[in-house]
Amino acid sequence: MTILVTGGAGFIGSHIVDAVADQGNEVICLDSLDPGVHRGAPGYLRDDVEYCFADLRHWQPDDRFQEVTAIVHLAALGGVSRAAREPENVITANCAGTARLIEHARFWPRLRSVVLASSFSVYGSGYTYACLDCGARRTGERNEADLAAARFEVVCAECGGQTTIEPITEGATPSPLETYAASKYMQELCFRAFSRCPVHIMRFSSVYGSRLRLDDGEATIIAKLAGWIGSGHRPKLFEDGEQIRDWVYVGDVVAAAMALLDQDTSQVVNVCSGVPTTLRAACEVIGEALGMDGAPEIVGGFRPGDMRHCLGDPSRLASLIGREPLSFAEGAGLAFAAQQGQHA
Ligand SMILES: NC(=O)c1ccc[n+]([C@@H]2O[C@H](COP(=O)([O-])OP(=O)(O)OC[C@H]3O[C@@H](n4cnc5c(N)ncnc54)[C@H](O)[C@@H]3O)[C@@H](O)[C@H]2O)c1
Ligand SMILES: [Zn+2]
């Protein structure tokens with residue numbers, strides 16, 4: 001097999017490149033080495049992989065792409081704040097880039113499978129909360145007066161009781177709320193009319209693992225927490241630190257991509273852990289993994305628009321990879337102990 005990994009010099013892509021190359025496949029990695037992400041070529045690039053350093057927006061495929069049997073498409077500019085600062089760059093890199101990939105790939109004679117990296121951000125605020133007392137269900141919308149009064153939890157609209165978030169399934173209607181999420185959903189839509197072969201969509205929650213950049217302006221919350229704790233700074237948490245997030249280990253992302261490459265019918269799969277983990281608990285777990293004090297400082301306050309909780313349903317992922325994905329407590333030791341080694 002000849003596998004094209006776009007974005008293969010990035011955090012997740014490099015792990016997928018390792019897995020497909022270690023299985024003995026020919027691998028072509030297409031990556032722009034975007035200057036907002038990389039300071040030159042990262043040290044983990046491999047000698048047995050062909051790198052094509054090009055931006056999808058302007059890329060002209062040469063003859064070797066005629067051999068491609070499968071594509072794992074991860075090339076994208078990430079970050080909600082970057083997308084707010086550079087909407088044209090992000091939209092064109094992600095959407096026009098994907099359209100250009102499709103324009104060429106539809107003629108590749110051996111192509112059998114496409115796997116696209118999408119995101120939980122496409123779900124927007126489409127989470128449902130169920131009342132533990134009366135069972136009534138509601139959305140997670142919160143008003144600023146409640147937040148200002150430090151009433152952070154989403155309470156039942158009928159009886160005021162405590163609620164619990166329902167894990168979101170792939171059947172939820174996408175409803176992106178900002179530019180980055182819109183670009184990820186547009187990537188999915190770009191493949192709607194692609195009839196050459198199955199197209200599988202992986203929607204990642206938030207991914208952690210070795211090679212996660214901790215010092216990057218676009219760093220996700222989990223990267224920031226690990227960066228602060230690793231450098232001896234006490235992490236500061238908004239609200240009360242009890243916000244639930246769903247973090248997935250990069251090894252489970254790789255397992256999902258590898259399994260999807262072999263599937264004959266197109267699938268949409270949440271790639272998440274499904275294990276509710278609070279920000280406060282995540283700090284403790286990271287501290288333990290790094291051998292540092294992870295105790296957070298709860299600064300209170302809030303950011304308008306933040307979701308109280310995010311949680312995915314990993315049932316499809318579990319049946320795809322034949323096991324439950326790792327919880328954050330299980331994956332953090334692998335991820336952050338390795339990360340510590342990298343900087344040493
Ligand atoms: N990291 C997460 O938590 C997360 C969550 C949800 C979805 N995703 C998605 O997973 C994919 C990989 O994410 P990551 O965290 O590894 O990001 P990353 O920034 O580490 O890697 C992305 C790579 O794509 C390259 N790239 C960007 N635009 C390109 C273009 N137009 N042409 C060629 N190369 C281009 C960059 O140079 C970079 O190496 C992305 O599609 C991202 O949207 C990531
Ligand atoms: Zn109720």
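What span should the 12 residues of helix α1 (residues 11-22) have, and how far apart are its end C-alpha atoms? In this predicted model, a rise of 1.5 Å a residue leads to an expected span of 16 Å for α1, and its end C-alpha atoms are 17 Å apart, which agrees. After α1 comes Gly 24, which has a positive phi, near 95 degrees.

The surroundings of this helix may be considered next. Helix α1 is mostly covered, with nine of its 12 residues buried. They are Phe 11, Ile 12, Gly 13, Ser 14, His 15, Ile 16, Val 17, Ala 19 and Val 20. The elements that cover these buried residues include the strands β1 (2-6), β2 (26-30), β4 (70-73), β5 (113-119) and β10 (206-208), together with helix α7 (250-261).

Ala 257 gives a residue-level view of the packing. Leaving aside residues up to four places away in sequence, Ala 257 touches Ile 16, Val 72, Val 115 and Met 202. Ala 257 and Met 202 are also among the residues that touch the most other members of the largest nonpolar core, along with Val 5, Val 253, Ala 256 and Ile 286. That core comprises 93 residues. Because both domain 1 (1-123 + 172-204) and domain 3 (214-245 + 273-344) give residues to this core, it lies between them.

The division of the chain completes the picture. Besides domain 1 and domain 3, the chain has a domain 2, formed by residues 128-167. The centres of domain 1 and domain 3, taken over C-alpha atoms, are separated by 25 Å.

Definitions and conventions
Residues are numbered from 1 along each chain as its sequence is written. Chains are lettered from A and ligands numbered from 1 in the order in which they are written. This is a predicted model: local features need pLDDT of at least 70, side-chain atom pairs count only at pLDDT 80 or more; totals for chains, interfaces and linings use all residues. A nonpolar core is a set of buried Ala, Val, Leu, Ile, Met, Phe, Trp, Tyr and Cys residues joined through C-beta atoms within 7 Å. A residue is buried if 20 or more other C-beta atoms lie within 10 Å of its own, exposed if 12 or fewer, and partly exposed in between; C-beta atoms are placed from the backbone. Domain bounds come from an automatic or database domain assignment. Two residues are in contact if their C-beta atoms, placed from the backbone, lie within 7 Å. Helices (H or I, at least four residues) and strands (E, at least two) are DSSP runs, numbered from the N terminus. The expected span of a helix is 1.5 Å times one less than its number of residues.
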